[in-house]
Amino acid sequence: MLNNYGIDIWGDNNFFIEDGKVKLNFGSKPSLIDIVNQIRDGGTTGPLIIRFPHITQKQIQKLYNTFNDTILEYNYDGKFFALFPLKVNQLPNYILPMLKYSSSFCYGLEAGSKAELLLAMAYNNKKSPITVNGFKDKEMILLSFIAKQLDHNITVTIEGLNELITIIEVYKELNLPTPNIGLRVRLHSQGSGTWAKSGGINAKFGLSSLEILDALEILKKENLTSSLTMIHFHIGSSMNTIGPLKKALKETGHIYVELKKLGAFNLNAINIGGGLAIEYSAYEKTTQYSLKEFASDVVFTLKDISIKNGVETPNIFTESGRFISAASSVLITPTLELFSSEYIPSQIKLKEKNPPIIQEMYALYKDIKKENAKEYMHDSLEHLESILTLFDLGYVDLRDRSNAEVLTHLIIKKAIELKKYDKDKELKNLDHKIQEKYLLNFSIFSSLPDLWGIDQSFPIMPITHLDQDATRSANIWDITCDSDGEIPYDEKKPLYLHDIDLKKEEYFIGFFLLGAYQDILGMKHNLFSSPSQVNVEFIENKMTLNNFIKSQSIIDIFEDLDYDIANIFNNLNNNLEDPLKSIIVSLLNDNSYLKTIKTTYK
Ligand SMILES: *Cc1c(COP(=O)(O)O)cnc(C)c1O
């Protein structure tokens, strides 16, 4: 059966397989390989990040439509607003098209640092909301007052009472209207999934019950109660079950009701933070709820609590960024080399006189049949052990050892082939151990940092050859000199790739769902920078390739590290004449990724 690499599980109809290729399910439905070839025809080699702004737009639409439909369905009085948390992807290639495509939605931006707040102030669609989370100093609070002066609809969520006191201080100094104030509540309930530590009683962020009550007292005393408009929680990224959200909603809903009853008359919104998961698995569904269920739980719970307590229902804000951005970017990497652990019979080079064990192994190899396959295989493994011991003791030479290794390998391969249809577990396990190593032209540290840092899995698949059987269990190597730069074969999540002769054809592997967090977390380990990147957009079904950015040159990377560039040129070129001098110059002006390795030596 042909492998579809779980595209039906994680793909969300964004891509489909046709004529053996992965194609984009949008616009003129180009294949990914066509896009890659167009870029390569322009002279760019190496890995390529392709962004699809329409997928971001689709997610924003889906989020708004689902919540707005649910609000209608439940006859809910509040309104729905969403914001993109900038920390998930701050790149202009991502943010600017997103803002363009979302202007009709009042889609806002969430900032967690001064830099992000400045970006939000510079680019947010006018009248769309801005929220500010995270720890703040006086400068950052000052900045939010300036945003308010610039007519932004800004809410500063305070993480502690000191921030509230600073707001009051700035207010008195400037004598300008305060931005809206939100309170981040420290939840008793905890999230689920890898990032659950964002919630819970010991969470890094948020105010305790006592601090919430104190905050309201302070606001009343300063005559600023009207500034308090929002309460906020964030239970952590990628919730895989819905239970923790329901708990957090009940907890926050009751805090909202209490604050209203205690006199927070302008409080009108609950911001439920992020947490919406997307499906990264290529093997089985791991997210246990749908967006519809998520929306229904939010709308129903908040309505229920408000009505029972006779207060008006709050507006709903969400800040899910992973859900919005993950699917919109794909990395395509060329395969540089296949390091096969395959041996072929001509590599057995028997000597005139061989040790008896080698003779015996050769006989096993010649005589192996279905009935004796496992027995012979066990014998050969035992013989190999003996040969390795004899080698260590100096009794056999390197040729003997090589013959033993090649023979054992061929015997195992034959055994596997002979018993193919017997579903033999032991043989299958051995087969899994004999993997092909695919050396790909990319850096895991630069492009998939969460795979390295927190063991997150991403869908991986070839973008061509999908009409052929993929038979090789695959181990992926990147080009960094770090033993962590590897995606080892995992029996629980087996990856099979094709048997390719790279002398005859190219083979490109796609890594999907990289649009959330990966770009900015990516690092320059071994001085590999971000790959080249391009945005794919459509004008009336006609594809255009926009915002192309070439991967950073080596000299630019040096500059980023604050090296003295003139000094580097001097040191390198002092004793060189052309043509060697020009080679150095051209290398410095190119990126670190490898050019195709073509071997012709036989
Ligand atoms: C990180 C963060 C988000 C984004 O969460 P995702 O689940 O990754 O989309 C939203 N709100 C706040 C306050 C955050 O810190």
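Start your tour at Arg322, where a backbone N or O atom lies 2.9 Å from an oxygen atom of the ligand. Bear in mind as you click along that this is a predicted model.

**Stop 1: around the ligand**

Now add Gly321 to your selection: one of its backbone N or O atoms lies 2.5 Å from an oxygen atom of the ligand. Tyr517 comes next, and here a polar side-chain atom lies 2.5 Å from a ligand oxygen. How much of the ligand's own accessible area does the protein cover? Of the 390 Å² that the ligand has on its own, 93% is covered.

Widen the view to the whole shell, and you will find 16 residues surrounding the ligand. The closest are Lys87, Ser237, Gly275, Gly321 and Tyr517. Try colouring the shell by class: two of its residues are nonpolar, nine are polar and five are charged.

**Stop 2: Asn93**

Select Asn93, which you will find in helix 4, residues 92–101. Is Asn93 buried or exposed? Its relative accessibility is 5%, so Asn93 counts as buried. Show side chains here, and look for the polar contact between the side chains of Asn93 and Asn547, at 3.2 Å. Beyond its neighbours within four places in sequence, Asn93 is in contact with Arg51, Gln533, Asn535, Asn547 and Ile549.

**Stop 3: aromatic pairs**

The structure holds 22 aromatic pairs. For one of them, select Phe26 and Phe538: the pair is edge-to-face, with 5.6 Å from centre to centre and 75 degrees between the planes. Phe26 sits in the loop between strand 2 (21–24) and helix 2 (32–41), while Phe538 belongs to strand 19 (residues 532–539), so this pair ties together parts that are 512 residues apart in sequence. Switch on a surface to look at both partners: Phe26 counts as partly exposed because its relative accessibility is 35%, whereas Phe538, at 15%, counts as buried.

Next, select Tyr280 and Phe458. Their ring centres are 5.5 Å apart and their planes stand at 90 degrees, so this pair is edge-to-face. The pair links distant parts of the chain, 178 residues apart: Tyr280 is in the loop between strand 10 (269–271) and helix 10 (291–308), and Phe458 is in the loop between helix 17 (449–454) and strand 14 (460–462). Tyr280 is buried, with a relative accessible area of 8%, and Phe458 is buried with 6%.

**Last stop: an aromatic cluster**

Finish by selecting Tyr64, Phe67, Phe80, Phe105, Tyr107, Tyr289 and Phe294 together, which form one aromatic cluster.

Definitions and conventions
Residues are numbered from 1 along each chain as its sequence is written. This is a predicted model: local features need pLDDT of at least 70, side-chain atom pairs count only at pLDDT 80 or more; totals for chains, interfaces and linings use all residues. Side-chain values use heavy atoms; hydrogens and water are left out. A residue is near a molecule or strand if one of its heavy atoms lies within 4 Å of it. A polar contact is a pair of N or O atoms within 3.5 Å; within protein, one must be able to donate a hydrogen and the other to accept it, and residues adjacent in sequence count only if both atoms are side-chain atoms. Accessible areas come from the Shrake-Rupley method with a 1.4 Å probe; for residues, only the protein chains shown count as cover. Ala, Val, Leu, Ile, Met, Phe, Trp, Tyr, Cys and Pro count as nonpolar, Asp, Glu, Lys and Arg as charged, and the others, Gly among them, as polar. Helices (H or I, at least four residues) and strands (E, at least two) are DSSP runs, numbered from the N terminus. Buried means under 20% relative accessible area, exposed over 50%, partly exposed in between (1.4 Å probe, protein chains only). Contact means heavy atoms within 4.5 Å. Rings of Phe, Tyr and Trp (its six-membered ring) pair if their centres lie within 6.5 Å; planes under 30 degrees apart count as stacked, over 60 as edge-to-face and the rest as tilted.
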